[in-house]
Amino acid sequence: MVAGMSGAWAAEPAAKARAGNPIFPGWYADPEAAVFDKTYWIYPTSSLPYAQQTDFDAFSSPDLVTWTRHPGVLKKDAVSWAREAMWAPAVVENRGRYYFFFAANDIKSDAEVGGIGVAVADAPAGPYRDLIGKPLIGEFHNGAQPIDQFVFKDDDGTWYMIYGGWKHANIVRLKDDFTGVRPMDDGTVFKEITPAPEYVEGPLMFKRDGKYYFLWSEGGWTGPDYAVAYAIGDSPLGPFKRIGKILQQDPKIGTGAGHNSIFRGQDDTWYIVYHRHPLGDHDGNHRQVAIDRMVFDAQGHILPVKMTNEGVAPHPLR
């Protein structure tokens, strides 16, 4: 990581033609993409050894090309139950406030304290503080480790959270104030929607043309074979059937490409935000954030993503 760097990354002149990948310096992973008030935001994990992985930075951009760092938007000191290993943000706006969901402590059983937490702030750059003083989900359900949460608002206003490690994915319906979860219409609280045996972690959901797209990461998160696959369903509750991989290592560009998020620009233009390892670097914590285009075919299938070193062209939000 480049310590102490803040403000716009000045490695190139201000009027850059392309973002360049990685889009900002330092070791970061698990990027969460969000748009607040016509500004792009990325909330990544600080890709450090677990004992040091206790603070989150954020990055903002008006155009996907020039990025500003906001250091320490959420710190371990603001979460009384967090010990170490805070990672995988999910950030949303709800009723004028901003909510930062995260995983902490990497629990291995229900006997440990940890899991998925939620913090709140009055601005996208924080500072965020713990909302409920305990994990939102702190136990295993359906075999899913409570990590890698993604928060999704459906068209009817219902908030869902998809989460899970250890090869299991659950979906829950959130209370409107994010202080807990509430049952589905059939009474189920933790519904398993694991899409395929290859599922590992990093779930994400979005809706396009009436269909629900479920993306996730496969392979070893520190290794070169980390990749992103997807499925399509008619409901956020599934069923989902794996279609195939859309992002994986390129021996000319980088390895370990995975744990992605999505930006949608104007005119149905889509971008995939993800982390990857530099070529020839075998340190599992050496991950960098990149952005490339994500394209659909006429049937709505996602085409394989072409990883680049150039990144994307400017795309200001109108």
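A search of the whole structure turns up 25 aromatic pairs, where rings of Phe, Tyr and Trp (its six-membered ring) pair if their centres lie within 6.5 Å, with planes under 30 degrees apart counted as stacked, over 60 as edge-to-face and the rest as tilted. Before going on, a word on the ground rules: this is a predicted model, so local features need pLDDT of at least 70 and side-chain atom pairs count only at pLDDT 80 or more, while totals for chains, interfaces and linings use all residues. Residues are numbered from 1 along each chain as its sequence is written, and side-chain values use heavy atoms, with hydrogens and water left out.

Here are two of the ring pairs, side by side.

| Ring pair | Centre distance | Plane angle | Geometry |
|---|---|---|---|
| Y28 and F59 | 5.2 Å | 85° | edge-to-face |
| Y213 and F296 | 5.6 Å | 80° | edge-to-face |

Y28 sits in strand β2 (residues 28–36) and F59 in strand β4 (residues 55–61), so this pair ties together parts 31 residues apart in sequence. Strands here, numbered from the N terminus, are DSSP runs (E, at least two residues). Both Y28 and F59 are buried, meaning under 20% relative accessible area with a 1.4 Å probe and protein chains only.

Y213 belongs to strand β16 and F296 to the segment after β21 (288–294), so their pair bridges parts that are 83 residues apart in sequence. Y213 is buried at a relative accessible area of 3%, and F296 is buried too, at 13%. F296 also has a charge for company: the charged end of R208 sits over its ring, 3.9 Å from the centre. For that label, NZ of Lys or CZ of Arg has to be within 6 Å of the ring centre and within 35 degrees of the ring normal. R293 does likewise over the ring of Y271, with 5.8 Å to the centre.

Back to β4: six of its seven residues are buried, so this strand is largely enclosed by the rest of the structure. On one hand it pairs with β3 (residues 39–46), antiparallel, through three bridges; strands count as paired if DSSP finds at least two bridges between them. W41 stands opposite S60 of β4, and W41 is also part of a cluster that ring pairs build from W41, Y43, F56, F100 and Y128. On the other hand, β4 joins β5 (residues 68–75) over five bridges, again in the antiparallel sense, with D55 partnered by K75. The hairpin of β4 and β5 has six residues between the strands, and L64 takes a positive phi near 75° there.

What is the strand order of the open four-stranded sheet? It runs β15-β16-β17-β18, with antiparallel pairing. β15 (201–208) and β18 (241–247) are the edge strands with a single partner each, so one side of each has no neighbour in the sheet. β17 (residues 227–233) and β18 are joined by five bridges, and A231 has R242 of β18 as its bridge partner.

The largest nonpolar core has 37 residues, with F206, L215, I246, L247, M294 and I302 making the most contacts inside it. Such a core is a set of buried Ala, Val, Leu, Ile, Met, Phe, Trp, Tyr and Cys residues joined through side-chain atoms within 4.5 Å. Its largest share, five residues, comes from β16 (residues 211–218). A second, separate core of 20 residues includes W81, A82, Y98 and F102.

Conventions:
Buried means under 20% relative accessible area, exposed over 50%, partly exposed in between (1.4 Å probe, protein chains only).
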